[in-house]
Amino acid sequence: MRTEARTGTAMALASMLLVQFGLAVSVGLIDRVGTEGAAWLRLAWAGVILLVLVRPRLRAFTRRTLLICVALGIVTASVTMLFMAAIARLPLGTASALEFLGPLSVAVIRGRRGTKVWPVLAAVGVVLLTEPWHGGIDLVGVGYALAAAVCWAAYILLTQRVGDEVSGLQGLAVSMPVAGLVATLVVGPSVLAGITWQMLLIGIGLAIALPVVPFILELLALRRLTAAAFGTLMSLEPAFALVIGLVLLGQVPGWAPVAGVAFVVAAGIGAERTGARDDHVPEPVVVPDEGTVLAGR
């Protein structure tokens, strides 16, 4: 059980590192097409890549599991678009702190007795890391950030359901094209005119770094960790951003972010030690008989 927890934790950590790397290398593209345009390129290409590589089979789904995958795709696009709208109106630290209320809520609600202390430590650490008291408050931006938090919580729960009920990467091969389609309908018309072939090609590489590989790792991690442990581990992402900023950009943090790192690292260690799933099934296989395809359960 501990081995499963460690493997899931390693996958979640690798995912967070790749997310930060993907955001760092996206800076140039964001300057050219905006945050929404960069998010759209990543989601659209991720959908195409997974659809082509995995080629999902209808026999791998019942009607219920197919609807869960579609819901995950809608939530994936929504959390990305809503967070982009939030950071356009709020300081990044404030928006990040508000958005983290989503996975924190999952960790608190789904945590077993005796493990709820880790989300509390993580919450304190994230507040210290992001220092939201330094920024002003825009109520519309707050609304977007809170909506993104709800979507992030739903993303964690739906990803775990998809990982449990659909074999391999079949579920992601449905949810990501749906996310790309939703992003195209919402953002595409406003950014297509400014997109060049060069930007499209850059978008392929960015989509692999973020979100294709991180989302695969998160799916595999949630097959091994409880949703509560995974939600707590997500608090480590601001700490990764802090370290990357220090090492690569020379951004020296103050005492509060350093203390925040200590809190979230402690929470992450605690989540790893207590976060294994009792009901873990290494590789779920849902392949209904021909007569029950898409007929529901």
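Which residue forms a salt bridge with Glu4? In this predicted model, the partner of Glu4 is Arg224, and the closest N and O atoms of the two side chains are 3.4 Å apart. The protein chain holds 13 helices and zero strands, and buried residues make up 51% of its 297 residues. The points below take up the salt bridges, the aromatic pair, the loop after α10, helix α8 and a nonpolar surface patch in turn.

**Salt bridges**

- The count of salt bridges comes to three, and the one between Glu4 and Arg224 links distant parts of the chain, with Glu4 in helix α1 (residues 2-25) and Arg224 in the loop between α10 and α11, 220 residues apart.
- The two partners fall into separate accessibility classes, since Glu4 is partly exposed with a relative accessible area of 25%, whereas Arg224, at 16% relative accessibility, counts as buried.
- Glu165 and Arg64 also meet through their side chains in a salt bridge, at 3.0 Å from N to O, and this pair too links distant parts of the chain, with Glu165 in helix α7 and Arg64 in helix α3 (residues 63-87), 101 residues apart.
- Arg161 forms a salt bridge with Glu165, with the closest N and O atoms 3.0 Å apart; because Arg161 and Glu165 are four residues apart in helix α7, about one helical turn separates them.
- Arg64, Arg161 and Glu165 are thereby linked in a network of salt bridges, in which Glu165 counts as buried at 11% relative accessibility, while Arg64 at 31% and Arg161 at 36% count as partly exposed.

**Aromatic pair**

- The count of aromatic pairs comes to one, and it is formed by Tyr155 and Phe215, whose ring centres are 5.4 Å apart and whose planes stand at 45°, so the pair is tilted.
- Because Tyr155 lies in helix α7 (residues 139-165) and Phe215 in helix α10, the pair ties together parts that are 60 residues apart in sequence.
- Both rings belong to buried residues, with a relative accessible area of 6% for Tyr155 and 13% relative accessibility for Phe215.

**Loop between α10 and α11**

- Thr226 is found in the loop between α10 (197-222) and α11 (227-233), and at 17% relative accessibility Thr226 counts as buried, because the cut-off for that class is under 20%.
- A polar atom of the Thr226 side chain lies 3.0 Å from the backbone nitrogen of Ala229.
- Arg224, the partner of Glu4 described above, is also placed in the loop between α10 and α11.

**Helix α8**

- Helix α8 (residues 172-186) has 15 residues, which at 1.5 Å a residue should span 21 Å, and this agrees with its end C-alpha atoms, which are 21 Å apart.
- The buried residues of α8 are Leu172, Ala173, Val174, Ser175, Met176, Val178, Ala179, Gly180 and Ala183.

**Nonpolar surface patch**

- Val48, Leu51, Val52 and Leu53 make a nonpolar surface patch of about 380 Å².
- Val52, one of the residues of this patch, is found in helix α2 (residues 27-54) and, at 55% relative accessibility, counts as exposed, because that class begins over 50%.

Notes
Residues are numbered from 1 along each chain as its sequence is written. This is a predicted model: local features need pLDDT of at least 70, side-chain atom pairs count only at pLDDT 80 or more; totals for chains, interfaces and linings use all residues. Side-chain values use heavy atoms; hydrogens and water are left out. Helices (H or I, at least four residues) and strands (E, at least two) are DSSP runs, numbered from the N terminus. Buried means under 20% relative accessible area, exposed over 50%, partly exposed in between (1.4 Å probe, protein chains only). A polar contact is a pair of N or O atoms within 3.5 Å; within protein, one must be able to donate a hydrogen and the other to accept it, and residues adjacent in sequence count only if both atoms are side-chain atoms. Rings of Phe, Tyr and Trp (its six-membered ring) pair if their centres lie within 6.5 Å; planes under 30 degrees apart count as stacked, over 60 as edge-to-face and the rest as tilted. Patches are made of residues with over 30% relative accessible area and no salt bridge: like charges are joined within 9 Å, nonpolar side chains (Val, Leu, Ile, Met, Phe, Trp, Tyr) within 5 Å. Accessible areas come from the Shrake-Rupley method with a 1.4 Å probe; for residues, only the protein chains shown count as cover. A salt bridge is a side-chain nitrogen of Lys or Arg within 4 Å of a carboxyl oxygen of Asp or Glu. The expected span of a helix is 1.5 Å times one less than its number of residues.
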